[in-house]
Amino acid sequence: MTSHNPFSLKGRTVFVTGASSGIGKSIAIECSKMGANMIVSGRNRKRLAETYDHLDGAGHRQIIADMTNKDDIDNITNPLPRLDGVVLCAGIVKTLPVKHIKDDAIEEVFQTNITSSIQIIKRLLKAKKINKGASVIFISSIAATHPKPGNALYSATKGAVNAFGKVLALELAPLKIRVNMIQPGFIKTNLLSSGIISEEQIDEHYKRYPLGPGKPEDVSHACVYLLSDAAEWITGSIFTIDGGITLK
Ligand SMILES: NC(=O)c1ccc[n+]([C@@H]2O[C@H](COP(=O)([O-])OP(=O)(O)OC[C@H]3O[C@@H](n4cnc5c(N)ncnc54)[C@H](OP(=O)(O)O)[C@@H]3O)[C@@H](O)[C@H]2O)c1
């Protein structure tokens, strides 16, 4: 048995937004199990503390921040140390036919799903807080490329995430900083149980998935890979993790 492990995150410092719930929570926990020092961020204090309590090892940090609050964006980035990994996972969904979309919903969904991520990355780059060899991951969605009525706002933000990430990948390649996107299919989290779709509809939807239902770990394990040295030649890629649904 050798100690060789190209997927190890030992000694890496990784920052995750949206870590108080669902996919982001799983990313934080799995990365900590692989040896990373985690800095987890979320809006809900109690839920974020739950994630924090589940992290493996010691020395992790938590930062409460609301992505719709411009001051909070500074409050997140200012105290951050130099980072080896950034996972931008915070997100919300609002399903409405286009003619019923309110202006404040446009602002909220874009600010949470894409604008805040741009603001965070920009600040981290300016402050030189992203190390050479680091990995940045945006959590996108198959909604970026697979339209569903009522999902225009959400899809638009995820399309923007993919496009932004590809340009960023090119800009940061000379610094050996990699940027990739993961676009998951349906995963049961608070995002889906927030009333946009009923439990029965989710189960019905899952019947169409070739590999059946997905779980947060299906995404977080891919994050571990992309954050690790095993993925050192991968940048600008969009990873679809969806149990095969978009093959149909
Ligand atoms: N679940 C799916 O089927 C699915 C599919 C494709 C893509 N995704 C993407 O995966 C990501 C995570 O979603 P999830 O399914 O894990 O949903 P979730 O369980 O609802 O988690 C969403 C996370 O985003 C955070 N968040 C939302 N609004 C915020 C704000 N204004 N400020 C700070 N944090 C905020 C939440 O923080 P609090 O809990 O503290 O409020 C929470 O940590 C999202 O980007 C989503 O678009 C999910």
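**Helix α7 and the sheet.** I began with helix α7, residues 216-227, and found that it lies across β1, β4, β5 (130-139), β6 (178-184) and β7. I then looked up its direction, and α7 runs at about 170° to β6. I note here that what I am reading is a predicted model.

**Helix α2.** I turned next to helix α2, residues 45-54, which lies across β2 (37-42) and β3, and I wrote down an angle of about 165° between α2 and β2.

**The sheet itself.** In which order do the strands of the open sheet stand? I traced seven strands in the order β3-β2-β1-β4-β5-β6-β7, and I recorded their pairing as parallel. At the edges I found β3 (61-64) and β7 (238-241), each of which pairs on one side only. I also looked up how neighbouring strands of this sheet are turned against each other, and the average is 15° when direction is ignored. As a reminder to myself, strands of a sheet pair through backbone hydrogen bonds, and they do this either parallel or antiparallel.

**One strand pair in detail.** I picked β1, residues 13-16, and β4, residues 83-88, which run parallel and are joined by three bridges. Within this pair I saw that F15 stands opposite V86 in β4.

**The whole chain.** Stepping back, I counted seven helices and seven strands in the protein chain, and, reading from the N terminus on, I wrote the elements as β-α-β-α-β-α-β-α-β-α-β-α-α-β. Why can I call the chain as compact as a globular protein of that length? Its radius of gyration is 17 Å, and the globule rule gives 18 Å for 248 residues, so the two values are close and the description holds. Along the principal axes I noted that the C-alpha trace spans about 50 × 45 × 40 Å.

**Burial and contacts.** I looked up burial next, and buried residues make up 42% of the 248 residues in the protein chain. For contacts with a separation of 6 or more, I found that 72% are between residues 24 or more positions apart.

**Around the ligand.** Which residues come nearest to the ligand? Of the 29 residues around the ligand, I listed G18, G22, N44, G91 and L191 as those that come nearest. When I sorted the residues of this shell by character, they divided into 13 nonpolar, 13 polar and three charged. Finally I asked which element gives the largest share of the shell, and I found that helix α1, residues 22-33, does so with three residues.

Notes
Residues are numbered from 1 along each chain as its sequence is written. This is a predicted model: local features need pLDDT of at least 70, side-chain atom pairs count only at pLDDT 80 or more; totals for chains, interfaces and linings use all residues. A residue is near a molecule or strand if its C-beta atom, placed from the backbone, lies within 6 Å of it. Helices (H or I, at least four residues) and strands (E, at least two) are DSSP runs, numbered from the N terminus. Ala, Val, Leu, Ile, Met, Phe, Trp, Tyr, Cys and Pro count as nonpolar, Asp, Glu, Lys and Arg as charged, and the others, Gly among them, as polar. The radius of gyration is taken over C-alpha atoms; the globule rule is 2.2 Å times the number of residues to the power 0.38. A residue is buried if 20 or more other C-beta atoms lie within 10 Å of its own, exposed if 12 or fewer, and partly exposed in between; C-beta atoms are placed from the backbone. Two residues are in contact if their C-beta atoms, placed from the backbone, lie within 7 Å. Two strands pair if DSSP finds at least two bridges between them. Axes are lines fitted to C-alpha atoms, for helices over the stretch in contact, and angles run from 0 to 180 degrees between N-to-C directions.
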